[in-house]
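Visitor: Hi, I'm new to this one. Can you put it on screen and walk me through it?

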Amino acid sequence: MSDSEHDLNRLFQSAAEAPQELPGVPSHALEQRILARWRNRAEAAEEWFTHLSLYRRALVAAFALALVALAVYFPVLTQERADDVEIINTPVSLTFLP
Amino acid sequence: MNVLVREASLPDEVLNVPDCVARVRRGDEDAARSLLTHLFPLVLSVVRGHRPRRMCEEDLTQTIFVKVFTKLNQYSGAVPLEHWVSRIAVNTCLNALQAEKIRPELRWADLTEQEEHVIQTLDTTAGELEPGQSLAARDLTDKLLDCLKPNDRLLVNLLHIEGHSVEEVKQITGWNISMIKVRAFRARNRMRKHMETLMKETTT
């Protein structure tokens, strides 16, 4: 082991032995701050979930409405082109004749 | 169970942890207060060991506890709560270290009188440092650690100051063993070079 390696080990050993006083309980102010932030976050999350369920319901309702509309207008959409449309288109085609 | 958890957490008979966790999940503030008191020594010891120099200890502790409480729904119970919390605490400290971009170069003029004395003792003697020098040794180690990258700093701290085994470090960080060993080796080399530079400055 090199000298500097040995020195580093001695430094680590001494640093590890340094006394460290840990307070057993958090200060009242810290406790209050943590609980307040937790409460706010929980409320925000709850609000988000409420909105999320609303969005989900709105999406389902919109989809259902689209289905109903499709069902109602299905016969109209599948109907053959009426002759009157052909008649209206005729003069337009005629103007391009040489 | 790792050393950190063994030393810093209160005995389980003081608090029924699973019951308390369930109550906190339901939003019970009294239970949250009890859990906070139970976990406080553990979180504080992680914060003291790994926080960036410029960051307030209380702010970091607060961030960790808010994370713990808000993510408590994700705790599966597969590992002891203390392990889960210590991992959150270590990761939060690591993020804070990574956010602190500046890694100062350490010069002789930056050392206090006691730290200078530690360097001189290391340079001139071969035995152990005196017990009275341990606080200065700790401060000097912190200053040397500040010169390292956040991940390296975390590793050296866990392995050499807090005395965790490689396996325990793997549990705390989630990194693989070979990566831990390689990183730790390189980090030690970097620290050694910084220390050698300081020792050269002593002699000049």
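Guide: Sure. Keep in mind that this is a predicted model. Let's start with a pocket. By class, the lining of the second largest pocket holds seven nonpolar, three polar and seven charged residues.

Visitor: How many residues line the second largest pocket, and which lie nearest its centre?

Guide: The lining has 17 residues. Nearest the centre are A:Trp38, A:Ala42, A:Ala45, B:Thr70 and B:Asn73.

Visitor: Which elements give two or more residues to that lining?

Guide: From chain A, it's H2. From chain B, it's helix H2 (17-25) and helix H4 (57-70). H2(A) gives the largest share, eight residues.

Visitor: And how much space lies in that pocket?

Guide: About 390 Å³ in the second largest pocket.

Visitor: New topic. How many residues does each chain bring to the contact?

Guide: Chain A brings 34 residues and chain B brings 46 residues.

Visitor: What area do chain A and chain B bury between them?

Guide: About 3,700 Å², with 63% of it on carbon and sulfur atoms. On the chain A side, A:Arg10, A:Phe12 and A:Trp38 lose the most area to chain B. Together they make up 20% of what that side buries. You've met A:Trp38 already, among the residues nearest the centre of the second largest pocket.

Visitor: How many residue pairs are in polar contact between chain A and chain B?

Guide: The count is 14 residue pairs, both residues at pLDDT 80 or more. On chain A, helix H1 (3-16) and helix H2 (28-78) each supply at least two residues of the side that touches chain B. H1(A) gives the most to that side, with 13 residues.

Visitor: What is that side of chain A made of, by class?

Guide: The side of chain A that touches chain B has 15 nonpolar, nine polar and ten charged residues.

Visitor: Now salt bridges. How many are there between chain A and chain B?

Guide: Six between chain A and chain B. Over all chains, a search of the whole structure finds 18.

Visitor: Which residue forms a salt bridge with A:Glu5?

Guide: B:Arg192 does, with the closest N and O atoms 3.0 Å apart.

Visitor: Why does that pair join two chains?

Guide: Because B:Arg192 lies in helix H10 (residues 177-203) of chain B, while A:Glu5 lies in helix H1 of chain A.

Visitor: What about A:Arg39? Which side chain does it meet in a salt bridge?

Guide: The side chain of B:Glu29, at 2.4 Å, N to O.

Methods: Residues are numbered from 1 along each chain as its sequence is written. Chains are lettered from A and ligands numbered from 1 in the order in which they are written. This is a predicted model: local features need pLDDT of at least 70, side-chain atom pairs count only at pLDDT 80 or more; totals for chains, interfaces and linings use all residues. Side-chain values use heavy atoms; hydrogens and water are left out. Contact means heavy atoms within 4.5 Å. Buried area is the accessible area (1.4 Å probe) that two parts lose on being put together, summed over both. A salt bridge is a side-chain nitrogen of Lys or Arg within 4 Å of a carboxyl oxygen of Asp or Glu. A polar contact is a pair of N or O atoms within 3.5 Å; within protein, one must be able to donate a hydrogen and the other to accept it, and residues adjacent in sequence count only if both atoms are side-chain atoms. Helices (H or I, at least four residues) and strands (E, at least two) are DSSP runs, numbered from the N terminus. Ala, Val, Leu, Ile, Met, Phe, Trp, Tyr, Cys and Pro count as nonpolar, Asp, Glu, Lys and Arg as charged, and the others, Gly among them, as polar. On a 1 Å grid over the protein atoms alone, a cavity is a set of points where a 1.4 Å probe fits but cannot get out, and a pocket is an open set with protein on both sides within 12 Å along at least five of seven lines; lining residues have an atom within 4 Å of a point. Grid points are joined across faces, edges and corners, and a volume is the space filled by probe spheres set on the points.
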